[in-house]
Amino acid sequence: MGFKEFVQRRSLKARDDRRTRAAELTLRESIYPICLVTVLFFLWGFSYGLLDTLNKHFQNTLDITKSRSSGLQAAYFGAYPLAALGHANWILRHFGYRATFIWGLCLYGIGALVAIPCILAKSFAGFCMAIFIIGNGLGSLETAANPYITVCGPPRYSEIRINISQAFNGIGTVVAPVLGSYVFFAFDDAKALQNVQWVYLAIAVFVFVLAIVFFLSVIPEITDADMAFQATETHANADDKPFWKQYRLFHAAFAQFCYTGAQIAIASYFINYVRDTQPAANDVLSSQLLAGAQGGFAAGRFVGVFVMRYVRPRKVFLVYLTLCVVFVAPSITQRGWTGMSMLYVTLFFESICFPTIVALGMRGLGRHTKRGSGWIVAGVMGGACVPPLTGVAADARNTAFAMVVPLCFFVAASSYAIAVNFIPAYRDPSDAFSTTEVGLTGHHGGVDEETGDIGEASEEKGGHAEIET
């Protein structure tokens, strides 16, 4: 293979009007691309977990208030709609998934490098700017990765796939607080800040290498034509309506805004909650307890995946989100280990909510899938709005009382869980995907992206059909 052919085969431009067989990938064919993209889920889980630890760290080292420290979350999650509805969504619709992955990784790496001089200068505003760049990178990755995992493989298992991938996101949120407890809080302020610099340098190197891996890898590109075909095959033809009439999508985006805001608020002030309600706990122990809570969060996803094998995902989602409301409420009035244990259980039941909203919200969008995924990911902006409100409440009263803020947003998010279970216009498209045989019984004919030839149908018997990329 010559250099010119090598570059052509790795072109980042995918034609959205051509149907490939990517929407009909079997379980076996989808393993490699799913594994590669799942690495990205760990990355933003680690970054998010690191942010929660840095929130308390900067309160200590820079002597800033709880509400001001939430500027980290505001910068991080405030970047998401700019990516999900702006530059990343444009790249996704005009080039494809792989181009968006590489774009997001490069922004992430640039942000990590920008963070280093800001840390040296002890500039909180500068570090927030670096986090804003990182947030744009991670927002780009989420804009592409969440829908990619959802549609890459048999539609029947979309919620299971995305929850498995998101479980590695949960593992990242566990690793980061543990790292923080040993690297940030176990040293004096000067040494701790120096350690933060090395962490971000390592992140930058890793993500740039990963961007090269994505450029060299050949993974299936799933086009709008593929998704329109999938929606027709499953009889969930929501894409025959104009985009602005996709009311289920916008309700899902609203639920994502409310849910994510509540989740981020609880995690952001978990260390403060433990310190306020359990005086015997220091920052090191509190950070380790946060890691334990995030471990419960990750475990909840694996448990949720198992349950979804036997119970419809929409029902599991309703139960999990309802239990978030039930268990976060006592944390407002309880103190000590009792209050903290309520937050532990809340994080366990938070686990499947984000990815399941993504999967349910995207079902039946067809040709609107790429554009619609941007709206659901943009809902992550709730993480920029709810933590500052929680911080204001914590400064005015105490951190325990401030848990009333995420409680209210959990209740608002429950409106979508109720709708998708009890309103036929929401429930029927969801159930149509749960029974389809697409990706399980072999390929229909597809269109080769390079030649335009229509492929022949084939059954998976021992081997598997070649994937068109």
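Hi everyone. I'd like to start with two helices passing each other: α4 passes α6 in a right-handed crossing. Before we go further, please keep in mind that this is a predicted model.

So how do α4 and α6 sit against each other? Their axes come within 6 Å and cross at roughly 40 degrees. The two helices are therefore oblique to each other. If you sort the residues of this contact by class, you get 18 nonpolar, nine polar and one charged.

Let's zoom in on α4, which covers residues 71-94. One of its residues is A79. Is A79 buried or exposed? A79 counts as buried, because its relative accessibility is 0% and the limit for buried is under 20%. Leaving out residues up to four places away in sequence, A79 touches F132, G135 and N136. There is also a nice example here of how folding brings distant parts of a chain into one place: A79 and I131 are 52 residues apart in sequence, with 8.9 Å between their C-alpha atoms.

Staying in α4, have a look at H87. With 22% relative accessibility, H87 counts as partly exposed. Which residues does H87 contact, once we set aside its neighbours within four places in sequence? They are L82, W103, L107, N136 and S140. You may remember N136 from a moment ago, since A79 touches N136 too. And H87 is 13 residues along the chain from T100, with 9.3 Å separating the two C-alpha atoms.

Now let me step back to the whole chain. How many helices and strands does the protein chain have? The secondary structure comes to 21 helices and zero strands. The chain has 469 residues, and 62% of them count as buried. Take the contacts between residues at least 6 apart in sequence: 83% of these join residues at least 24 apart.

What about the inside? A general point first: in soluble globular proteins, nonpolar side chains tend to be buried together. In this model, the largest nonpolar core has 127 residues. The members that touch the most other members are L40, Y76, F101, F127, Y200, F214 and F317. Let's follow L40 as our example. Not counting residues up to four places away in sequence, L40 touches F101, L105, L141, A145, L210 and F214. Find L40 on the screen and you can pick out those partners around it.

Next, a residue with a rather different story: K122, in the loop between α5 (97-120) and α6 (124-151). K122 has a positive phi of about 55 degrees, although it is not a glycine. Is K122 buried or exposed? K122 is exposed, with a relative accessible area of 54%.

Let's move on to α7, residues 158-183, and to N163 within that helix. N163 is buried, with a relative accessible area of 0%. Where along the chain do its contacts come from? Apart from residues up to four places away in sequence, N163 touches R301, V305, M308, I352, P355 and T356. The C-alpha atoms of N163 and A359 are 9.3 Å apart, although 196 residues separate them along the chain.

I have two more helix pairs for you. The first is α13 (residues 313-328) with α15 (residues 336-350). Their axes come within 8 Å and cross at roughly 165 degrees. That angle is over 145 degrees, so α13 and α15 are roughly antiparallel to each other. The crossing here is left-handed. On the α13 side you will find Y320, L323, C324, F327 and V328, and they meet M342, L343, V345, T346, F348, F349 and E350 in α15. By class, that contact has ten nonpolar residues, one polar and one charged.

The second pair is α10 (residues 247-268) and α17 (residues 369-378). These helices pack at an angle of about 25 degrees, with their axes 7 Å apart. That makes α10 roughly parallel to α17, because the angle is under 35 degrees. Here L249, F250, A252, A253 and Q256 in α10 meet G372, W375 and I376 in α17. The class count for this contact is six nonpolar, two polar and no charged residues.

To wrap up, we have gone from the oblique pair α4 and α6 to the roughly antiparallel pair α13 and α15, and on to α10, which is roughly parallel to α17. Thanks for listening!

Methods. Residues numbered from 1 in each chain as written. Predicted model: local features only at pLDDT ≥ 70, side-chain atom pairs only at ≥ 80, totals over all residues. Heavy atoms only, no water. Axes fitted to C-alpha atoms, helices over the stretch in contact; angles between N-to-C directions. Helix = DSSP H or I, 4+ residues; strand = E, 2+ residues; numbered from the N terminus. Parallel < 35°, antiparallel > 145°, perpendicular 65-115°, else oblique. Left-handed = near helix turned anticlockwise from the far one by under 90°. Contact = heavy atoms within 4.5 Å. Nonpolar A, V, L, I, M, F, W, Y, C, P; charged D, E, K, R; others polar. Core = buried A, V, L, I, M, F, W, Y, C linked by side-chain atoms within 4.5 Å. Buried < 20%, exposed > 50% of the residue type's maximum accessible area, 1.4 Å probe, protein only.
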